[in-house]
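Here are my notes on this model. Please read them alongside the sequence and the structure.

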Amino acid sequence: MDQDNNSEDESVGPSEDPSDEELPGVPAGISDGDAMELLWQLRSERRQSSPELPETVTRLTAPDGSLLYLVGTAHFSDSSKQDVATMIRAVQPDVVVVELCQYRVSMLKMDEITLLREAKDINLDKVQQAIKQNGLMSGLMQILLLKVSAHITEQLGMAPGGEFREAFKEAGQVPFCKFHLGDRPIPVTFKRAIAALSLWQKARLAWGLCFLSDPISKEDVEKCKQKDLLEQTMSEMIGEFPALHQTIVAERDIYLTHTLRQATRCVEAPRTAQKVPAVVVGVVGMGHVPGIESNWDKQLNINEIMSVAPPSRFGWVLRTVIKGVVAGVLGYACYRAGGSLGRALLSSPTVLSLLETLQPPAALSQQ
């Protein structure tokens, strides 16, 4: 059974009341009710009932007759941006849902130059923020994945998430269109992924991410939209890290299906308040499309994929050892550098934050 979540609370961007916006085709001086009805008619006239679908788009139908146009994208692809814009303009949706959570929503409003600079710049502040937000192991893994993203960004000269920014921009041009964030919060995903890996798997994954330097081209990115090649890549990943595939891909397939089904609910027409089937455009990575299709008609429970196991005794011991090493290195630095410099180092916000991050959980520290 589907469990209600707050996906509808995670709406951003375009106004839900088109009467507050200056849109073409609305005469000045008419009442709000008349303006809303006029915009509703205008959108209905623009909406194509049987649009020509790009190869990357899958059409799914909800039990109440609502329609979902699921756009599978490659995250560094110009043609994916075009597919998104084409579908939103063609179907004039009631809702646009993107594969983002509240922790990554800032990329929607940042310009390409800023995003390029941010993606390439992995500094101490980002490391500190990732560890503070996700914990030590999950935070370090996030930094390694950011390094991979920075490598691709540098190779291609383009910032990630262009298809989501395109969806955000196009949704703002459609009357009555809501914009929803459909992905599971990234801290939950990282923590569940790290908890599912053995110590040896964590080491192998970290090693592979640290030394990833293979060149990548725009042609390589476009190949990610080819389903046969994608299935081959996924099967290789499952064979190498099955637990990682389960938490990062399969579980998020379930969560995305849930939020997309929440979005495909009947909407009310202005004035009459009559319920009519909704039209929704979903924008997700191509790797999630098969999972969403297979889960679409299933009963889902997202509660079991939202929990994070408490730290193990081994995790507490590891934190304690690392904290001791950090304290020992700092102590030795103080001894070698002198008292005043040592005190300054120990009182710096970065060092204090790192030591605070490595504190054992309250329940364990009281034992």
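1. Start with confidence. This is a predicted model, and its confidence varies along the protein chain. The mean pLDDT is highest in strand 3 (residues 95-98), at 98, and lowest in helix 16 (residues 362-365), at 42. The chain as a whole averages 75. Of its residues, 56% score at least 70.

2. Two stretches call for a remark. Residues 1-9 stay under a pLDDT of 50. The model gives them 25 contacts beyond four places in sequence. Residues 357-367 are also below 50, with 16 contacts beyond near neighbours in sequence.

3. Now helix 2. This helix covers residues 78-91, 14 in number. From first C-alpha to last it reaches 21 Å, close to the expected 20 Å. Glutamine 92 follows helix 2 and has a positive phi, near 45°.

4. Which residues of helix 2 are buried? They are Ser80, Asp83, Val84, Ala85, Met87, Ile88, Ala90 and Val91. These buried residues pack against helix 1 (32-46), helix 6 (162-171), strand 1 (57-61), strand 2 (67-73), strand 3 and strand 7 (279-285).

5. Strand 1 also holds arginine 59. Is arginine 59 buried or exposed? Its relative accessibility is 41%, so arginine 59 counts as partly exposed; the cut-offs are under 20% for buried and over 50% for exposed.

6. Last, the surroundings of arginine 59. Beyond four places in sequence, arginine 59 contacts Ser49, Leu53, Leu67, Leu68 and Tyr69. With tyrosine 69 there is a side-chain to side-chain polar contact, at 3.3 Å. Glutamate 293 is 234 residues from arginine 59 in sequence, yet their C-alpha atoms are 9.5 Å apart.

Conventions:
Residues numbered from 1 in each chain as written. Predicted model: local features only at pLDDT ≥ 70, side-chain atom pairs only at ≥ 80, totals over all residues. Heavy atoms only, no water. pLDDT = per-residue confidence, 0-100. Helix = DSSP H or I, 4+ residues; strand = E, 2+ residues; numbered from the N terminus. Contact = heavy atoms within 4.5 Å. Expected span 1.5 Å × (residues − 1). Buried < 20%, exposed > 50% of the residue type's maximum accessible area, 1.4 Å probe, protein only. Polar contact = N/O pair within 3.5 Å; in protein donor to acceptor, adjacent residues only side chain to side chain.
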